[in-house]
Amino acid sequence: MGLGKTVQTLAHLVAEKEAGRADLPSLVVAPTSLLPNWRLEAARFAPGLRVALWHGGARSEGDIAGADLVVTSYALLARDRAILSQRRFHVVVLDEAQAIKNPLAHATQAAHALQARHRLCLTGTPLENNLAELWSIMHFLNPGLLGDRRRFARDFREIGRAHV
């Protein structure tokens, strides 16, 4: 949407690296169509970051080991869940985070399985359908903050009836 989310995120990742806190690679998960954009923006605005694209048939765990930033798609996150969930990351960034709005989807479950010190969701898309989408994104960022999914839905139904 042109809000500068990618550049701001890259600036944060560079600051983490320069401060010595990023001793593990960070992972960006984005729609497949945005993978080239992440690589180009990183080359332009964060040339000091070693970027690996986790995409295509020649994916190798060695690519992750030498990278500061790994960029992959939601489709490959779900497909390679067993590999990616075994690695630790400094930051996991979900670009177009509304992609995990369905808590039962394979990509959402794979995102929750990732091990990271920090998690960040980027989205310029407001809630489109219901508050369950908000719950799913928030549950990725801070599990348990809004309670479990069923209780969250029940509580908001009750609040809605009380305010009518």
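**Parallel sheet, packed helices and one cavity**

Five strands form an open sheet whose order is 2-3-1-4-5, with parallel pairing. The edge positions belong to strand 2 (51–54) and strand 5, each of which pairs on one side only. Averaged over the sheet and with direction ignored, neighbouring strands are turned by 20 degrees against each other. The structure described here is a predicted model, and the points below take up its strand pairing, its helices and its enclosed space.

**Strand pairing**

- Strand 4 (residues 88–95) and strand 5 (residues 115–122) run parallel and are paired over seven bridges, and within this pair Val 93 stands opposite Leu 120 of strand 5.
- Between these two strands the chain passes through helix 6 (residues 106–113), going from strand 4 to strand 5 in a β-α-β crossover that is right-handed.
- Strand 4 is also joined to strand 1 (residues 26–30), again in the parallel sense, by three bridges, and here the bridge partner of Val 29 is Leu 94 in strand 4.

**Helices on the sheet**

- Helix 1 (residues 5–18) lies across strand 1, strand 3 (69–73), strand 4 and strand 5, and its direction runs at about 170 degrees to strand 4.
- Helix 7 (residues 131–141) also packs on the sheet, where it touches strand 4 and strand 5, and its direction makes about 150 degrees with that of strand 5.

**Enclosed space**

- Rolling a probe the size of a water molecule over the atoms shows where empty space is left.
- A search of the whole structure finds one cavity of 30 Å³ or more, and the volume of the largest cavity is about 50 Å³.
- The largest cavity is lined by Leu 13, Lys 17, Ala 22, Leu 24, Ser 26, Leu 49, Asp 68 and Leu 69, a lining that divides into five nonpolar residues, one polar residue and two charged residues.

How values were computed:
Residues numbered from 1 in each chain as written. Predicted model: local features only at pLDDT ≥ 70, side-chain atom pairs only at ≥ 80, totals over all residues. Heavy atoms only, no water. 1 Å grid on protein atoms, 1.4 Å probe; cavity = no way out; pocket = protein on both sides within 12 Å on 5 of 7 lines; lining within 4 Å. Points joined across faces, edges and corners; volume = space filled by probe spheres on them. Nonpolar A, V, L, I, M, F, W, Y, C, P; charged D, E, K, R; others polar. Pairing = 2+ DSSP bridges. Helix = DSSP H or I, 4+ residues; strand = E, 2+ residues; numbered from the N terminus. Right-handed = clockwise from strand over helix to strand, strands pointing away. Axes fitted to C-alpha atoms, helices over the stretch in contact; angles between N-to-C directions. Contact = heavy atoms within 4.5 Å.
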